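Okay, thanks for coming, everyone. I'll put the structure up now, and we'll walk through a few places in it together.

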Amino acid sequence: MIRKKTGRGRRISSEVRQLIISQAIHDSKTMPRRALAVRLQDLIEKMGEVSPTEDTLARMISEARNKQPSELERPWSIGACSYYNIPHDMIPVLIKIQKLKAEYGDDEDVSRVLTVREARWMARLYRVAEPLISELSDGLLWLDFIASSYVKRERVSEQMNEQYPNTADLDRLYFHSEDFLNHDVLISWWDALLPDHKEAIIDAVEKERAMTLQDIERHEKRPLSPEETKMIDDCFDSIEKGGLVALREFINQSQIAQEHGMLHLMTAILYETARSGGIK
C-alpha cells in the first residue's frame, strides 16, 4: 500500500516522540525499521496526531536504537549498591528477585538479568509497594512488573533529554489506591478513551495471548489443563467483546479465574499495553 506522506515539516509532539522511542527500544525492538515505521504511522493516527513520514520515522527509530547503552543497564550485583546509592537493606529482596528473574525471565527480552537501573527503581518503590507485596503470593514478581514501568519511562525520558521522567500517571495507577490496579479506577480510565484508542489497545493486547499462557505455565511449573487454557482465552475474548466491564463480569462468574488472580493480571496487561503504546 502506498502511504500519503504526512506531517513533513510539522513539529513532532512530545507524546508522539515518547511513543516512537518506546516502541523502538522496548515494545517492538526486534521489528525491522520499515515495518515498525508503518506500524507507528497507524498508532500515531489513532492517537489523533499527524504522523511523520515513513522516512522520518525510520530515521528516528535508528537514532533511538543506536544510542549507547547506559552503564545502568549493566547487571546488578551486591558490590554495585554503594556506588549507585542502593540501600544495603534491599540486598535480600534484590537477591530474591534476581533468582526469580533467572527462573521466570524470557531470554528474548533479556529479562533474566536484574540490571542496576531495575535495582534502583525497586529500591525506591519497595516501601510504598510493600502492602501489595505482602498480600500476594507472587508479590516480588509484581514489584518487578511495577518497576519495569518506571524503568521504561526513565529510559525514554533520558533519550528525550528531559530533566526527569514524569511518572505521575504511573504513581496514580499503582499507589493512589489501597487496592493495586483498582478496577473501578481502571474502568473510569477505559471509559474516557476514544473508540479508536480502545480498538488500538485491544489489537495490541491480543498479541499477548500466547505469551500469557506460557508465562502462567512457567509460574505454575506445569502444563495448564484444558479448563485453565479455556479460562485464559475467555479472559482475552471478554476484553475484545466488552473491555474491562466484560472482563470483570466474566471473572466474577469464574472461580478458576479468581484462583489464578486473572483480574489483576489482565488489567495489568491491558494498562501496560496502553502505556507502552503511548496511548493515554
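Let's start with Val 38, which you'll find in helix α2, residues 33-46. Buried or exposed, or something in between? Val 38 has 29% relative accessibility, so it counts as partly exposed. Now look at Glu 54: along the chain it is 16 residues from Val 38, yet the two C-alpha atoms are separated by 6.6 Å.

Before I go on, do keep in mind that this is a predicted model.

Zooming out for a second. The protein chain has 13 helices and 0 strands, so if you go hunting for a sheet, there's no strand to build one from. Read in order along the sequence, the pattern is α-α-α-α-α-α-α-α-α-α-α-α-α. The chain has 280 residues, and 48% of them are buried. What about contacts between residues at least 6 apart in sequence? Of those, 66% join residues at least 24 apart.

Back to the helices, and on to α3. That one covers residues 54-65, which is 12 residues. At 1.5 Å a residue α3 should span 16 Å, and because its end C-alpha atoms are 16 Å apart, the model agrees with that expectation. Which residues of α3 are buried? They are Leu 57, Ala 58, Met 60, Ile 61, Ser 62 and Ala 64.

Following the chain out of α3, there's a loop that runs to α4, residues 91-104, and Asn 85 sits in that loop. Here's a backbone detail: the phi of Asn 85 is near 55°, a positive value, and this residue isn't a glycine. Asn 85 is exposed, with a relative accessible area of 69%. Remember this one, since another asparagine is coming up.

Next is helix α5, residues 116-135, and I'd like you to look at Ala 129 in it. Ala 129 has 1% relative accessibility, so it counts as buried, the cut-off being under 20%. What does Ala 129 touch, once you set aside residues up to four places away in sequence? The answer is Leu 143 and Phe 175. There's also a distance to note for Ala 129: Gly 139 is 10 residues from it in sequence, and 9.1 Å from it in space, C-alpha to C-alpha.

Compare that with Arg 124, which lies in α5 as well. Arg 124 is partly exposed, at a relative accessible area of 45%. Met 90 is 34 residues from Arg 124 along the chain, and their C-alpha atoms are separated by 9.8 Å.

Moving along to α6, residues 139-159. Helix α6 has 21 residues and reaches 31 Å from its first C-alpha to its last, close to the 30 Å you'd expect at 1.5 Å a residue. Of those 21 residues, 15 are buried, so α6 is largely enclosed by the rest of the structure.

And here's the other asparagine. Just after α6 comes Asn 161, which takes a positive phi of about 60°. Asn 161 is in the loop between α6 and α7, residues 168-175. Like I said for Asn 85, we're looking at a positive phi in a residue other than glycine. Buried or exposed? Asn 161 is exposed, with a relative accessible area of 67%.

Last stop: α10 and α11. For anyone who hasn't done this before, two packed helices are described by the angle between their axes and the distance between the axes. Helix α10, residues 209-220, packs with α11 at an angle of about 145°, and the axes are 11 Å apart. Their crossing is right-handed. Who makes the contact? On the α10 side you have Arg 209, Thr 212, Leu 213 and Ile 216, and on the α11 side Thr 229, Ile 232, Asp 233, Phe 236, Asp 237 and Glu 240. By type, the residues of that contact come out as 4 nonpolar, 2 polar and 4 charged.

Staying in α11, residues 226-252, let me finish with Glu 228. This glutamate is buried, with a relative accessible area of 7%. A polar atom of the Glu 228 side chain lies 2.8 Å from the backbone nitrogen of Ser 225. Beyond its neighbours within four places in sequence, Glu 228 is in contact with Arg 222, Ile 256 and His 260.

That's my tour, thanks for listening.

Definitions and conventions. Residues are numbered from 1 along each chain as its sequence is written. This is a predicted model: local features need pLDDT of at least 70, side-chain atom pairs count only at pLDDT 80 or more; totals for chains, interfaces and linings use all residues. Side-chain values use heavy atoms; hydrogens and water are left out. Helices (H or I, at least four residues) and strands (E, at least two) are DSSP runs, numbered from the N terminus. The expected span of a helix is 1.5 Å times one less than its number of residues. Buried means under 20% relative accessible area, exposed over 50%, partly exposed in between (1.4 Å probe, protein chains only). A polar contact is a pair of N or O atoms within 3.5 Å; within protein, one must be able to donate a hydrogen and the other to accept it, and residues adjacent in sequence count only if both atoms are side-chain atoms. Contact means heavy atoms within 4.5 Å. Axes are lines fitted to C-alpha atoms, for helices over the stretch in contact, and angles run from 0 to 180 degrees between N-to-C directions. A crossing is left-handed if the near helix is turned anticlockwise from the far one by less than a right angle, and right-handed if clockwise. Ala, Val, Leu, Ile, Met, Phe, Trp, Tyr, Cys and Pro count as nonpolar, Asp, Glu, Lys and Arg as charged, and the others, Gly among them, as polar.
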